[in-house]
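Subject: Structure handover and notes

Dear colleague,

I am handing over the structure below, followed by an account of what was found in it. Please read the notes with the coordinates open beside them.

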Amino acid sequence: MPASKQVEPQDTLVTRSRRYQRGWVEIQGAKGRKQFVGRWRTDDGTKPKLVLGYCSEMSLSDARLRLEAHVRGMGSRPASAAHITFRNYWMLNFAPRRKVRWSEPTERGYEQYMHAYLFPAFGEVRLADIEPQHIAAFFDQLRKNHARSVVQKVWTLLRAILEDAVDDEIVAKNPMRRVPMPKTKLPQRPTLDTELVPKVLKAVENSPRNSAILHIGIFCAMRPAELFGLRWRSLCSDHFVIRDSAWKGKLLEDQAKVGERRVFIPPATRTAILRWREGCKDNRPDDLIFASKKGNPLIADNFRKRVLARLEKNLELTVPLTFQVLRRSHATRNQKTPKDAQAHLGHKTLTMTLGTYAQVIPESVRKMVERDERATLHRPK
């Protein structure tokens with residue numbers, strides 16, 4: 001049929017073709033940074049533009065669904081409930097509703113989990129066809145190849161999606177209710193021995209910047225997003241006021257993970273920070289404390305590879321030197337004052353501080369058992 005006489009179905013909104021459609025998807029950008037961009041015609045004849053995401057992180061069909069959801073009013077006209085697939089439900093219903101509470105890093109993280117684990121298994125399956133035995137088989141395979149943190153995140157995410165589908169009356173009941181949390185391998189949660197801390201700090205003492213970063217990481221126990229989002233105005237007399245966050249070289253203003261909070265600075269750490277400020281060219285209140293040559297926040301992964309990984313190798317450490325290990329080590333050293341440790345690390349619950357971060361110290365346990373025996377048998381020291 002000639003192109004001029006083609007008639008598209010009325011419910012088809014986003015396609016490759018620009019003709020006779022209210023919306024279409026284009027690819028724009030340089031090599032390695034190509035993006036899907038959605039365009040559509042409005043009633044007044046204009047053609048607005050919406051960036052849908054990077055081509056490396058989503059498929060063309062995902063981009064079409066996202067544009068369709070936007071133009072239709074975020075899912076106000078979804079597909080028939082009897083035929084909606086898991087992928088469509090995520091794109092048109094679940095993600096648009098939930099993203100109002102997600103930060104950019106959170107949204108990107110969820111998308112990565114969906115594309116890496118859930119879409120390959122359930123993406124084209126109708127929600128009504130997902131059975132408990134299918135979910136159990138999926139997690140049985142997942143737990144064999146991935147750590148507990150990944151399995152728990154995927155389990156929680158899938159359960160939430162299906163629970164929303166129940167509320168939307170697409171499925172009668174959540175099949176996840178009959179699938180228990182899978183048993184996984186014991187997680188590895190290493191800590192840096194207290195005796196090694198001076199050795200690590202001495203190795204970076206000739207670099208004021210790296211020394212300040214390591215002091216903050218060890219004793220202030222900040223998340224890397226908080227640390228690299230610090231500005232000089234965040235530095236007060238004996239504490240930081242955290243409001244901003246950094247992610248992949250971008251400064252996210254007023255987007256700290258748990259809102260504004262104070263982090264106290266011990267004396268030696270403050271000395272290291274002031275030493276860095278003396279040699280730092282950009283030390284105005286709005287300047288970043290730790291900025292790249294272009295003035296952007298340092299990227300945590302790059303700092304890990306260029307500085308921490310080298311330290312780990314040169315010092316022949318038996319544990320990975322990461323900001324997560326430094327935070328966990330701080331919680332372990334200070335588990336005798338759990339409420340203080342919780343406040344300092346910025347955890348919402350004490351369970352997170354004691355159950356996930358603070359690790360058992362065998363020597364401390366041995367002393368506890370010996371004290372118990374002496375007290376019970378009334379033996380003098």
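A residue is called buried here when its relative accessible area is under 20%, exposed when that area is over 50%, and partly exposed in between. Please keep in mind throughout that this is a predicted model.

With that cut-off in hand, helix α5 is a convenient place to begin, and its buried residues are V150, V151, V154, W155, L157, L158, I161, L162, D164, A165 and V166. An α-helix has 3.6 residues a turn, so residues three or four places apart point the same way. The buried residues of α5 pack against three other helices, namely α2 (86-98), α3 (104-122) and α4 (132-145). As for its length, α5 covers residues 148-167, and at 1.5 Å a residue these 20 residues should span 28 Å, which agrees with the 29 Å that separates the C-alpha atoms at its ends. The helix is followed by E169, a residue whose phi is positive, near 60°.

K153 also belongs to α5, but with a relative accessible area of 35% it counts as partly exposed. Once the neighbours within four places in sequence are set aside, K153 is in contact with Y110 and Y113. Between K153 and Y110 there are 9.3 Å in space, C-alpha to C-alpha, although the two are 43 residues apart in sequence.

Turning to the aromatic side chains, the structure holds 12 aromatic pairs. One of them is formed by F138 and F139, whose ring centres lie 5.0 Å apart with the planes at 70°, so this pair is classed as edge-to-face. Both F138 and F139 are buried, and together with F86, F119 and F122 they form one aromatic cluster. A charged group also meets this cluster, in that the charged end of R87 sits over the ring of F119, at 4.5 Å from its centre.

Another of the pairs is made by F228 and F323, with ring centres 5.8 Å apart and planes at 90°, so that it too is edge-to-face. This pair links distant parts of the chain, since F228 lies in the loop between α8 (224-227) and β5 (239-242) while F323 lies in helix α11 (residues 323-333), 95 residues apart. F228 and F323 are both buried.

Next come the charged pairs. Side chains of opposite charge can pair when their charged atoms come close. With salt bridges counted as a side-chain nitrogen of Lys or Arg within 4 Å of a carboxyl oxygen of Asp or Glu, the total for this structure is 22. How far apart are the closest N and O atoms of R231 and D244? They are 2.9 Å apart in this salt bridge, and because R231 lies in the loop between α8 and β5 and D244 in the loop between β5 and β6 (245-247), the pair ties together parts that are 13 residues apart in sequence. R231 counts as buried at 6% relative accessibility, and D244 is likewise buried, with a relative accessible area of 6%.

R231 forms a salt bridge with E253 as well, where the closest N and O atoms are 3.2 Å apart. This second pair also links distant parts of the chain, for E253 is found in the loop between β7 (250-252) and β8 (261-264), 22 residues from R231. E253, at 47% relative accessibility, counts as partly exposed. Elsewhere, salt bridges that share partners join R97, R98, D164 and D168 into one network, and D164 is also among the buried residues of α5. A further salt bridge runs between E107 and K99, with 3.3 Å between the closest N and O atoms; K99 is partly exposed, at 31% relative accessibility.

Finally, some figures for the chain as a whole. The protein chain has 14 helices and eight strands, and buried residues make up 41% of its 381 residues. Of the contacts in the chain with a separation of 6 or more, 55% are between residues 24 or more positions apart. The chain exposes about 22500 Å², of which carbon and sulfur atoms supply 50%.

With best regards

Terms used:
Residues numbered from 1 in each chain as written. Predicted model: local features only at pLDDT ≥ 70, side-chain atom pairs only at ≥ 80, totals over all residues. Heavy atoms only, no water. Phe/Tyr/Trp six-rings, centres within 6.5 Å; stacked < 30°, edge-to-face > 60°. Buried < 20%, exposed > 50% of the residue type's maximum accessible area, 1.4 Å probe, protein only. Helix = DSSP H or I, 4+ residues; strand = E, 2+ residues; numbered from the N terminus. Lys NZ or Arg CZ within 6 Å of the ring centre and 35° of its normal. Expected span 1.5 Å × (residues − 1). Contact = heavy atoms within 4.5 Å. Areas by Shrake-Rupley, 256 points an atom, 1.4 Å probe, with all protein chains shown as cover.
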